[in-house]
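Work through the exercises below with the sequence and the model at hand. Try each task before reading its solution.

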Amino acid sequence: MGNTLGLAPMGTLPRRSPRREEPLPNPGSFDELHRLCKDVFPAQMEGVKLVVNKVLSSHFQVAHTIHMSALGLPGYHLHAAYAGDWQLSPTEVFPTVVGDMDSSGSLNAQVMILLAERLRAKAVFQTQQAKFLTWQFDGEYRGDDYTATLTLGNPDLIGESVIMVAHFLQSLTHRLVLGGELVYHRRPGEEGAILTLAGKYSAVHWVATLNVGSGGAHASYYHRANEQVQVGVEFEANTRLQDTTFSFGYHLTLPQANMVFRGLVDSNWCVGAVLEKKMPPLPVTLALGAFLNHWRNRFHCGFSITVG
């Protein structure tokens with residue numbers, strides 16, 4: 001009799017469909033290799049600062065900042081940002097125009113546009129009162145599993161000076177990224193180049209990154225213990241300055257108390273911490289920070305209020 005139940009004959013195994021491998025992800029930008037670790041450390045605070053944010057529309061927002069410090073004169077900053085309609089990700093919107101001007105008339109401005117689906121460009125300008133200090137142009141191409149970037153800094157055809165920076169990152173596996181950076185500078189009577197190799201390994205709960213070149217080394221380790229605790233370790237060595245620095249930072253989130261605490265300890269005998277506290281239902285965030293350098297016997301603290 002035939003196989004009325006439609007079962008496979010004895011001794012044979014059903015064929016398995018070939019497993020489709022997931023494509024490798026894009027490695028992102030070279031400047032963001034150490035971002036996770038750096039976000040753990042607290043930002044320096046000194047004096048008293050008041051920040052008022054105002055969203056004027058879905059595309060335009062402004063911020064007013066007043067800063068008073070014992071180390072200098074009081075200052076005022078006007079920050080304005082425009083975001084377009086083309087959103088590639090939750091953190092990337094094109095075109096984007098950002099400007100920051102202080103009370104002395106100095107301006108920092110950035111313009112980011114999307115030339116094609118994979119090609120983006122950025123221009124950065126910095127002035128000090130009526131004098132240009134920096135003008136920089138970036139072009140970045142993001143492939144399926146690689147990113148290539150070219151930067152021109154302060155190009156001067158008449159003075160024959162320029163700074164060129166080339167970045168390349170390639171995803172070898174879903175967790176391993178390798179790449180490099182080439183910095184070339186030229187001015188009358190002087191030119192040179194510095195090559196740096198980079199690698200990044202991302203696990204489920206930790207990320208390790210290393211940059212090594214003729215100018216020095218930069219290594220970082222980020223670990224997320226749980227939803228509330230994050231730690232970061234950073235090591236930097238500069239061969240030109242003959243200086244090395246080791247830093248340890250931690251990030252503690254207390255969601256029930258609407259508080260975030262960041263702290264750091266480094267090899268220069270510097271200890272610092274910043275405490276941020278949100279005040280719902282009011283759109284107000286309070287921050288208090290203190291930093292002490294035991295080696296130089298320097299202490300400074302800061303307090304800020306952010307509205308909006």
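The exercises cover overall form, pockets and backbone geometry.

This is a predicted model, in which local features need pLDDT of at least 70 and side-chain atom pairs count only at pLDDT 80 or more, while totals for chains, interfaces and linings use all residues. Residues are numbered from 1 along each chain as its sequence is written, and side-chain values use heavy atoms, with hydrogens and water left out.

**Exercise 1. Overall form**

Task: State how many helices and strands the protein has, and decide whether it is spread out or compact by the globule rule.

Solution:
- Step 1. The protein has one helix and 19 strands; helices (H or I, at least four residues) and strands (E, at least two) are DSSP runs, numbered from the N terminus.
- Step 2. The radius of gyration is 25 Å, and the globule rule gives 19 Å for 308 residues. The radius is taken over C-alpha atoms, and the rule is 2.2 Å times the number of residues to the power 0.38.
- Step 3. Since 25 Å is well over 19 Å, the protein is more spread out than a compact globule.
- Step 4. The C-alpha trace spans about 100 × 60 × 45 Å along the principal axes.
- Step 5. Of the 308 residues, 26% are buried. Buried means under 20% relative accessible area, exposed over 50%, and partly exposed in between (1.4 Å probe, protein chains only).

**Exercise 2. The two pockets**

Task: Find the volume of the largest pocket and of the second largest pocket, and describe what lines each.

Solution:
- Step 1. Rolling a probe the size of a water molecule over the atoms shows where empty space is left. On a 1 Å grid over the protein atoms alone, a pocket is an open set of points where a 1.4 Å probe fits, with protein on both sides within 12 Å along at least five of seven lines; lining residues have an atom within 4 Å of a point. Grid points are joined across faces, edges and corners, and a volume is the space filled by probe spheres set on the points.
- Step 2. The largest pocket has a volume of about 1,200 Å³. It is lined by 48 residues, and Ser29, Glu32, Glu92, Glu140 and Arg142 are the closest to its centre.
- Step 3. Strand S7 (residues 131–142) gives the largest share of this lining, five residues.
- Step 4. The lining of the largest pocket holds 18 nonpolar, 19 polar and 11 charged residues. Ala, Val, Leu, Ile, Met, Phe, Trp, Tyr, Cys and Pro count as nonpolar, Asp, Glu, Lys and Arg as charged, and the others, Gly among them, as polar.
- Step 5. The second largest pocket has a volume of about 460 Å³. Among its 17 lining residues, Glu181, Thr196, Asn211, Gly215 and His218 are the closest to the centre.
- Step 6. The lining of the second largest pocket has five nonpolar, eight polar and four charged residues.

**Exercise 3. Backbone geometry**

Task: Locate proline 95, proline 281, asparagine 154 and glutamate 160, and give the backbone angle reported for each.

Solution:
- Step 1. Most residues other than glycine have a negative phi, and most peptide bonds are trans.
- Step 2. Proline 95 lies in strand S4 (residues 92–102); the bond from phenylalanine 94 to proline 95 is cis, with omega near -10 degrees.
- Step 3. Proline 281 lies in the loop between strand S17 (270–278) and strand S18 (284–293), and a cis bond with omega of about 5 degrees joins proline 280 to proline 281.
- Step 4. Asparagine 154, in strand S8 (residues 146–156), has a positive phi of about 50 degrees and is partly exposed at 26% relative accessible area.
- Step 5. Glutamate 160, in the loop between S8 and strand S9 (161–171), has a positive phi of about 55 degrees and is partly exposed at 48%.
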